[in-house]
Amino acid sequence: MGTRQRFDVDPKLEQISPHIPDEEINFLFPFRKFNTQGRRRKFKTSQLYRAHILAMLKGIPSFNKLCRELKTRRSFRDFCLFKNKKSTPPKRMLSEFRDHLKPSGFEKIAHLIAANFLNMIPLPDRHVAIPDATDMPANCRGFAKKNA
């Protein structure tokens, strides 16, 4: 088990990780002020958000399974920026975080990530022409079915 953890590498997670704007997420949603983590409050919003992204990317169906995978897979903990096996969030905290953030919060973070991608990738200039029908004469002889 120790050897598996030591050499556990996931290249997809390593490619995605630098593109998640952790500071902006922590600034927009200061989860440390929300009272679900107890007194110590050792997790940031970006870490818990990364855990949710990890569940979606890897197809993990429940928080129970996600918590077990975080304990056993070092690459998952590295992606979520957790220090070690003992410092992973319990399933209750992940569930309360999802309730705290709501779909609108996840949408704001998705827009933030999309904006970061669009700032990094130059888009080609496109010219679009839209025809306007205001200069065309209209048929103004009255009602079409009036004399029928």
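# Notebook: salt bridges, rings and a surface patch

**Entry 1: counting charge pairs.** I began with the charged side chains, and the structure holds six salt bridges. I keep in mind that this is a predicted model. A reminder to myself: side chains of opposite charge can pair when their charged atoms come close.

**Entry 2: Asp-22 and Arg-50.** I looked up this pair and found a salt bridge between the two side chains, at 3.0 Å from N to O. It links distant parts of the chain, since Asp-22 is in helix 3 and Arg-50 in helix 4, 28 residues apart. Are these two partners buried or exposed? Asp-22 has a relative accessible area of 13%, so I noted it as buried. Arg-50 is at 2% relative accessibility and counts as buried too. I then checked what else Arg-50 does: its charged end sits over the ring of Phe-79, 5.3 Å from the ring centre.

**Entry 3: along helix 5.** Next I went to Lys-65 and Glu-69, whose side chains meet in a salt bridge of 3.8 Å, N to O. Both residues lie in helix 5, which covers residues 63-72. They are four residues apart, about one turn of the helix. I wrote down how covered each one is: Lys-65 is partly exposed at 33%, while Glu-69 is buried at 18%. The cut-off for buried is under 20%, so Glu-69 with its 18% falls on the buried side.

**Entry 4: along helix 7.** I found a salt bridge here as well, between Arg-92 and Glu-96, with the closest N and O atoms 2.9 Å apart. Where do the two partners lie? Both are in helix 7, four residues apart, about one turn of the helix. Arg-92 counts as partly exposed at 44% relative accessibility, and Glu-96 is partly exposed with 25%. Back in the other group, I saw that salt bridges sharing partners join Lys-65, Glu-69 and Arg-73 into one network. Arg-73 also has its charged end over a ring, that of Phe-76, 4.4 Å from the centre.

**Entry 5: rings that pair.** Then I turned to the aromatic side chains. A handy rule: a pair of aromatic rings is described by the distance of the centres and the angle of the planes. How many aromatic pairs does a search of the whole structure find? I noted three. One of them is Phe-43 with Phe-82, edge-to-face, at 5.4 Å centre to centre and 80° between the planes. Phe-43 sits in the loop between helix 3 (22-28) and helix 4 (45-58), and Phe-82 in the loop between helix 6 (74-80) and helix 7, so this pair ties together parts that are 39 residues apart in sequence. Phe-43 is buried, with a relative accessible area of 3%, and Phe-82 is buried at 5%.

**Entry 6: a tilted pair and a cluster.** I moved on to Tyr-49 and Phe-106. Their ring centres are 5.9 Å apart and the planes are at 35°, so the pair is tilted. Tyr-49 lies in helix 4 and Phe-106 in helix 7, so here the parts tied together are 57 residues apart in sequence. Tyr-49 counts as buried at 6% relative accessibility. With Phe-97 added, Tyr-49 and Phe-106 form one aromatic cluster.

**Entry 7: the surface.** Now for the outside. Which residues make a nonpolar surface patch of about 500 Å²? I listed Phe-117, Leu-118, Met-120, Ile-121 and Leu-123. I picked Ile-121 for a closer look and found it in the segment after helix 7 (91-120). Ile-121 counts as partly exposed, at 47% relative accessibility.

**Entry 8: stepping back.** I ended with the whole protein. There are seven helices and zero strands, so running α-α-α-α-α-α-α from the N terminus is how I wrote the order under the numbering of elements. Of the 148 residues, 33% count as buried. The protein exposes about 11,100 Å², and carbon and sulfur atoms supply 56% of that area. Last, I looked up the contacts with a separation of 6 or more: residues 24 or more positions apart account for 65% of them.

Technical notes
Residues are numbered from 1 along each chain as its sequence is written. This is a predicted model: local features need pLDDT of at least 70, side-chain atom pairs count only at pLDDT 80 or more; totals for chains, interfaces and linings use all residues. Side-chain values use heavy atoms; hydrogens and water are left out. Patches are made of residues with over 30% relative accessible area and no salt bridge: like charges are joined within 9 Å, nonpolar side chains (Val, Leu, Ile, Met, Phe, Trp, Tyr) within 5 Å. Accessible areas come from the Shrake-Rupley method with a 1.4 Å probe; for residues, only the protein chains shown count as cover. A salt bridge is a side-chain nitrogen of Lys or Arg within 4 Å of a carboxyl oxygen of Asp or Glu. Helices (H or I, at least four residues) and strands (E, at least two) are DSSP runs, numbered from the N terminus. Buried means under 20% relative accessible area, exposed over 50%, partly exposed in between (1.4 Å probe, protein chains only). Contact means heavy atoms within 4.5 Å. Rings of Phe, Tyr and Trp (its six-membered ring) pair if their centres lie within 6.5 Å; planes under 30 degrees apart count as stacked, over 60 as edge-to-face and the rest as tilted. A charge sits over a ring if NZ of Lys or CZ of Arg is within 6 Å of the ring centre and within 35 degrees of the ring normal.
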